[in-house]
Amino acid sequence: MDRRSSVPRTDAMLAEPRLAAAQEMLGRSLVKAAVANAQQRVREGLADPDDAVDAALAFLPATAGGLKRVVNATGVLVHTNLGRAPLSAAAVAAVAAAAGYTDVEFDLAGGQRARRGRTALTALAQAVPEARAVHVVNNNAAALVLAATALAAGREIVISRGELVEIGDGFRLPELLESAHCRLREVGTTNRTTLRDYQKACGPDTGFILKVHPSNYRIEGFTSDVPIKELATIGPPVVADIGSGLLRPEPLLPGEPDAAGALRQGAALVTASGDKLLGGPQAGLLLGEEELVQRLRRHPLARALRVDKLTLAALEATLRGPRPPVHRSLHTSVGELRERAERLARRLGDRAEAVPTVARVGGGGAPGVELPSAGIAVDENLAARLRSYDPPVIGRITGGRLVLDLRAVEPGQDEVVAAAVEHACK
């Protein structure tokens with residue numbers, strides 16, 4: 001029998017109610033590709049013609065987008081390659097609510113145009129009352145570029161040589177600031193900078209003093225730097241890039257600077273990330289003196305760097321809603337993690353062993369801080385199979401074994417981890 005004659009026609013399959021409904025969610029091209037895959041299985045004798053629609057449904061992706069949700073078992077809480085901070089359920093719901101038409105720039109009471117994202121900005125201002133004004137752009141690098149362009153274009157930015165950092169994907173702070181047509185006035189040395197170094201460098205051509213927290217490395221030994229409260233006595237405004245996005249002090253990370261603290265010490269402007277320890281969406285937060293923030297907000301570049309309605313919705317829900325997942329991951333007790341690891345190990349038998357681990361904040365936050373944790377260790381050869389599971393489970397290879405650290409894994413995902421390991425061991 002010629003199998004080609006038994007293959008269901010494409011138009012007939014696309015008209016089948018379940019596949020027709022799928023086209024409304026995924027689009028015709030993705031459904032048509034799934035139909036083609038199913039037809040090929042029929043041609044090869046791997047599927048019965050009567051089961052072609054079921055086969056096509058099995059080939060359909062979960063969404064029309066290419067990003068896949070993964071289980072982060074790396075032990076890195078804010079993993080840049082895995083999308084940094086996972087949003088809270090409240091933030092996800094807020095994004096869904098804002099996905100259609102919304103009053104992002106409209107006053108429902110007065111029936112006229114209103115300030116864009118006003119409720120999100122109010123939430124940020126309330127979270128850090130030390131700031132006289134706030135603004136939001138699309139990431140922390142954008143916040144720095146906007147500050148440099150608005151406050152120091154054609155002028156000098158005074159910065160310590162020990163704070164000329166390189167951020168992710170090879171982007172270097174000096175190049176970023178120079179792209180805003182600023183001149184960098186480097187002071188001090190790599191390991192030691194004094195107040196006098198800054199005082200000698202500052203003058204009429206100084207746009208501002210930039211204090212950068214070295215959030216992805218540490219310099220130890222014979223070192224010194226100058227705190228914000230001393231820099232604030234020199235005269236030019238101090239812009240503090242705190243990096244990881246803490247708005248207030250975190251007892252578990254005593255060495256990590258926070259926005260409120262930097263402002264109390266005298267910073268005129270603070271820049272921070274929204275998608276790191278704050279636990280929200282990617283965003284650049286600007287907090288500080290009203291005159292400076294308004295200059296930034298009114299600058300033409302601010303339009304190119306503005307955030308969309310989905311980011312504003314997620315940011316506000318993160319600020320007003322319950323603690324986000326990053327906070328839960330940071331504060332989960334080692335005892336709870338150990339119990340979860342032991343339960344998984346008992347279920348998986350000789351395929352896994354409960355092990356103590358060390359997790360980290362990641363994402364350019366709290367360098368050198370070790371977070372005691374627990375997880376399971378399995379055969380390192382399972383790594384590729386776990387990455388191909390649905391959803392993919394991502395761990396780290398340590399000492400010849402694949403370690404699945406549970407600190408960044410939601411408790412409800414333990415069952416997924418167990419099922420993934422069982423599937424990978426078949």
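**View 1. Strand S5 pairs with strand S7 (residues 206–212) in the parallel sense, over four bridges.** Keep in mind that this is a predicted model. In this pairing, Ile 157 of S5 stands opposite Phe 208 in S7. Strand S6 (residues 183–187) also runs parallel to S5, and five bridges join the two. Ile 157 turns up again here, standing opposite Leu 184 in S6, while Ser 160 stands opposite Val 187 in S6.

**View 2. Both faces of S5 are covered.** How many residues of strand S5 (residues 156–160) are buried? Five of its five are, so to speak, out of reach of the probe: the strand is mostly covered. Glu 156, Val 158 and Ser 160 are buried on one side, and Ile 157 and Ile 159 are buried on the other. That fits the usual pattern, since side chains in a regular strand alternate between the two faces of the sheet.

**View 3. Zooming out, S5 belongs to an open sheet of seven strands with mixed pairing.** Reading across, the order is S4-S10-S9-S8-S7-S5-S6. Strand S4 (133–137) and S6 stand at the edges with a single partner strand each, so one side of each has no neighbour in the sheet. From one strand to the next, the twist averages 25°. Helix H12 (residues 290–298) lies across S4, strand S9 (269–273) and strand S10 (284–288), and runs at about 30° to S4.

**View 4. Helix H4 (residues 52–59) has its buried residues on the same side.** Which residues are they? Ala 52, Val 53, Ala 55 and Ala 56 are the buried ones. They cover an arc of only 160° around the axis, which is why they end up on the same side of H4. An α-helix has 3.6 residues a turn, so residues three or four places apart point the same way. The buried residues of H4 pack against helix H1 (10–15), helix H2 (17–26) and helix H3 (28–43).

**View 5. Helices H16 and H18 meet in a right-handed crossing.** Packed helix pairs are described by the angle and the distance between their axes. Here the axes of H16 (residues 334–348) and H18 (residues 414–424) come within 10 Å and cross at roughly 30°. Angles under 35 degrees count as roughly parallel, and H16 and H18 are therefore roughly parallel to each other. At the contact, Arg 340, Leu 344, Arg 347 and Leu 348 from H16 meet a set of H18 residues including Asp 414, Glu 415, Val 417, Ala 418 and Val 421.

Terms used. Residues numbered from 1 in each chain as written. Predicted model: local features only at pLDDT ≥ 70, side-chain atom pairs only at ≥ 80, totals over all residues. Heavy atoms only, no water. Buried < 20%, exposed > 50% of the residue type's maximum accessible area, 1.4 Å probe, protein only. Arc of directions from axis to C-beta. Contact = heavy atoms within 4.5 Å. Pairing = 2+ DSSP bridges. Axes fitted to C-alpha atoms, helices over the stretch in contact; angles between N-to-C directions. Parallel < 35°, antiparallel > 145°, perpendicular 65-115°, else oblique. Left-handed = near helix turned anticlockwise from the far one by under 90°.
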